[in-house]
Amino acid sequence: MTNALIEELKWRGLIYQQTDETGIENLLNKEQVTLYCGADPTADSLHIGHLLPFLTLRRFQEHGHRPLVLIGGGTGMIGDPSGKSEERKLQTEEQVETNVQGISKQMHKIFEFDTNKGAKLVNNKDWLGQISLIEFLRDYGKHVGVNYMLGKDSIQTRLEHGISFTEFTYTILQAIDFGHLNQTYNCKIQVGGSDQWGNITSGIELMRRMYGENEAFGLTIPLVVKSDGKKFGKTEGGSVWLDADKTSPYEFYQFWINSTDEDVIKFLKYFTFLSKAEINDLEKSLQEAPHLREAQKALAENVTRFIHGQDALDDAIRISQALFSGDLKSLSAKELKEGFKDVPQVDLNHTTSNIVEAIVETGISSSKRQAREDINNGAIYINGERQQDVNYELSDEDKIDNAFTIVRRGKKKYFMINYK
């Protein structure tokens, strides 16, 4: 019998590989299933490139199944070779623990914990840290063939450049995770990104060798690719983090609302919990009135609300509207800094300066003649207000937070003058 959850995942394009498609459907049809997905604490925050497998795990929770959310405090000490062309730099135990705490807080935004059917947060350091070297080699290593491991893509791609024994053993550690969760919590499915296929199947194989035939399956999520071929989750300023201190809710909101028409419907299916009917309506709006950008607004609002909450979303929308209208006076210095983080930054050494000289010296206008023409024509705005006096002197009153001035030239070209 077709399973409604699997059908939804297929419609959303969220299934890349399954170890046993029929077996997974039969399992989901007959019982509440415990399943898991993990992340290594390589930083103190996840970025949006990590989101999709965990959002998929949350969809299982929405359908009544029980997620185990694993933070790799143990495996994070080693480093996953998957998708890497060179060795990871080992982190200190203190840094890994700090990262574990940061990511754990973010998981509480994604999952419902501490209920009868709620998710459970686990740390593989709790069991991997108890295994001695002799136990590792005798109880686990004996069941894993070197030839089998050499056949894994994560290992194969590293052989040309070299791989340490430390990272070579990573797939065994993750296999131990699946086995431990299977035996301790009756966990039967592991969910992961497509790059985790080798690690997932290694876990199933290790369980087969150690415990005999038992129900254990793997399901992977496709790699998120943008229509232009560029890496998803990256901006000019770097990764888009879930931590509001690393990527502000405004910047987070702007990332999603700037999704292209080619990508937005796919992203709505991937990253939101909107229904099929709602997404189909947004797709119709995109086709009939793309200029309204209803799909992009729905995407940005839903993901920002889910990760940062309604208040942060309201602030992000308010900042966006103020910047679009040019109403800079309504924003705080901090909000202006966030909003103009990526505009050209120019320095000015003078405490006061004639407006013509200032916009020429900072490169906003190409010459004094052009500067005067821009000012006379009403094309220059200082902190959101049009300035048409060529004799105007920039002063302390024009310094926001005594540190910077926002200059607009034309309709959309913004600059930030920083004072030294």
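How many helices and strands are there in the chain? The chain of this predicted model contains 19 helices and 15 strands. Along the principal axes, its C-alpha atoms fill a box of roughly 85 × 45 × 40 Å. Of the 420 residues in the chain, 51% are buried. Among the contacts with a separation of 6 or more, 72% are between residues 24 or more positions apart.

The surface and the charges may be considered next. The accessible surface of the chain amounts to about 20,600 Å², and carbon and sulfur atoms account for 46% of that area. The chain carries 49 positive and 61 negative side chains. The centres of these two sets are 2 Å apart.

One helix may now be followed in detail. Helix α14 comprises 13 residues, from 276 to 288. From its first C-alpha to its last, α14 reaches 18 Å, close to the 18 Å expected at 1.5 Å a residue. Its buried residues are Ile279, Leu282, Ser285 and Leu286. These residues lie on the same side of α14 because they cover an arc of only 115° around the axis. The exposed residues Asp281, Gln287 and Glu288 are carried by the face of α14 that is turned away from the buried side. As for the partners of the helix, the buried residues of α14 pack against α1 (4-11), α13 (261-271) and α15 (294-308).

Within this helix, Ser285 deserves a separate description. Ser285 lies in α14 and has a relative accessible area of 18%. Ser285 therefore counts as buried, since that term applies under 20%. When its neighbours within four places in sequence are left aside, Ser285 is in contact with Pro290 and Glu294.

The backbone of two asparagine residues completes the account. Most residues other than glycine have a negative phi. Asn186, however, has a phi near 60°, a positive value in a residue other than glycine. Asn186 is placed in the loop between α10 (170-185) and β5 (187-193). With a relative accessible area of 44%, Asn186 is partly exposed.

Asn383 also has a positive phi, near 50°, and is likewise a residue other than glycine. The loop that holds Asn383 runs between β11 (380-382) and β12 (385-386). Is Asn383 buried or exposed? Asn383 is buried, its relative accessible area being 8%.

Technical notes: Residues numbered from 1 in each chain as written. Predicted model: local features only at pLDDT ≥ 70, side-chain atom pairs only at ≥ 80, totals over all residues. Heavy atoms only, no water. Helix = DSSP H or I, 4+ residues; strand = E, 2+ residues; numbered from the N terminus. Expected span 1.5 Å × (residues − 1). Buried < 20%, exposed > 50% of the residue type's maximum accessible area, 1.4 Å probe, protein only. Arc of directions from axis to C-beta. Contact = heavy atoms within 4.5 Å. Areas by Shrake-Rupley, 256 points an atom, 1.4 Å probe, with all protein chains shown as cover. Lys, Arg positive; Asp, Glu negative; His and termini not counted. Charge placed at Lys NZ, Arg CZ, Asp CG, Glu CD.
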